[in-house]
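Okay, thanks everyone, I'll keep this short. Have a look at the sequence and the structure on the screen, and then I'll walk you through the packing.

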Amino acid sequence: MGQPVASRGRAATPTLGKAMLNKYARAFFTRVLTPFAAFLIRRGVSPDTVTILGTAGVIAGALVFYPRGEFFWGTIVITLFVFSDLVDGNMARQLGRSSRWGAFLDSTLDRVADGAIFGGFALWYAGGGNDLVLCAVSIFCLTSGQVVSYTKARGESIGLPVAVNGLIERAERLVISLVAAGLAGMHAFGVPGIQYLLPVALWIVAVGSLITLIQRVVTVRRESAEADEADARGNTARNSEATS
């Protein structure tokens, strides 16, 4: 779902692949996937192409399987395409490329993939799942996740650090939801009661996202007030110097 942005020109929030694989697993899979990344480079495949294909795979896994209630297989497909996070980042490092475009593409397609995952949940609960409350919760998870990301990006665009992580950020939202979905899908294999994990996870993500949004809004309000006060002091000092 896009190369790790840090390898493409800027520090960034964790990608789904980085979140689902701890640092030891990432090191292992990076070594395993390096020859494959080199092969793709020799074949003329670009890191951006892998980013796009990885996102397409996540979208397919979410919107083909989830609306039919096939959470186990949908999560398996999504997880497989998560490895694009490692492959395209590996390719970018091998090529020595670091670009603002790569960072932009990665971040943009991450939001598309997020929308597909929670949209898939919403479609299931609006249809075969027959639960409009959980449909609404899924839509709230989708919307709040986008807004949480926007608040940080918008705050940074006006020169504020937005120095807060928040209770549940993108990585946590997706790991909680996908792990719960995969386990809930095992109900189809006869595991009793496990299907309730997904509704619980969606409520956790919804509440956590709301708290995170509030944390970021409060932080931006505080930082903007401090910045405005600093600007006012600077203007006062310059005016005093000009009149002295």
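**Inside and outside**

Let's start with I78: leaving aside residues up to four places away in sequence, it touches V58, G61, A62, Y66, I117 and L178. Quick caveat before I go on, this is a predicted model.

So where does I78 belong? It's in the largest nonpolar core, which has 28 residues, and it is among those with the most contacts inside it, along with Y66, I117, F121, L198 and L202. Two or more residues come from each of α3 (47-65), α4, α6 (100-126), α7 (132-157), α8 (170-184) and α9 (197-243). Which of these gives the most? That's α6, with eight residues. There's also another core lying apart from this one, with seven residues, including L33, A37, L86 and V87.

Now α3. Its buried residues include V58, G61 and A62, and those three are also on the contact list of I78. Further along the list of buried ones you'll find P47, D48 and F65, among others. As a geometry check, α3 has 19 residues, so at 1.5 Å a residue it should span 27 Å, and the end C-alpha atoms are indeed 27 Å apart.

Last stop, the surface. There's a nonpolar patch out there made of W73, I76, L80, F81 and F189, with about 520 Å² of accessible area together. I76 sits in helix α4, residues 71-82. Is I76 buried or exposed? Somewhere in between: its relative accessibility is 35%, so it counts as partly exposed. And remember, α4 also gives residues to the big core we just talked about.

Methods:
Residues numbered from 1 in each chain as written. Predicted model: local features only at pLDDT ≥ 70, side-chain atom pairs only at ≥ 80, totals over all residues. Heavy atoms only, no water. Patch = residues over 30% accessible without salt bridge, like charges linked within 9 Å, V, L, I, M, F, W, Y side chains within 5 Å. Areas by Shrake-Rupley, 256 points an atom, 1.4 Å probe, with all protein chains shown as cover. Salt bridge = Lys/Arg side-chain N within 4 Å of Asp/Glu carboxyl O. Helix = DSSP H or I, 4+ residues; strand = E, 2+ residues; numbered from the N terminus. Buried < 20%, exposed > 50% of the residue type's maximum accessible area, 1.4 Å probe, protein only. Core = buried A, V, L, I, M, F, W, Y, C linked by side-chain atoms within 4.5 Å. Contact = heavy atoms within 4.5 Å. Expected span 1.5 Å × (residues − 1).
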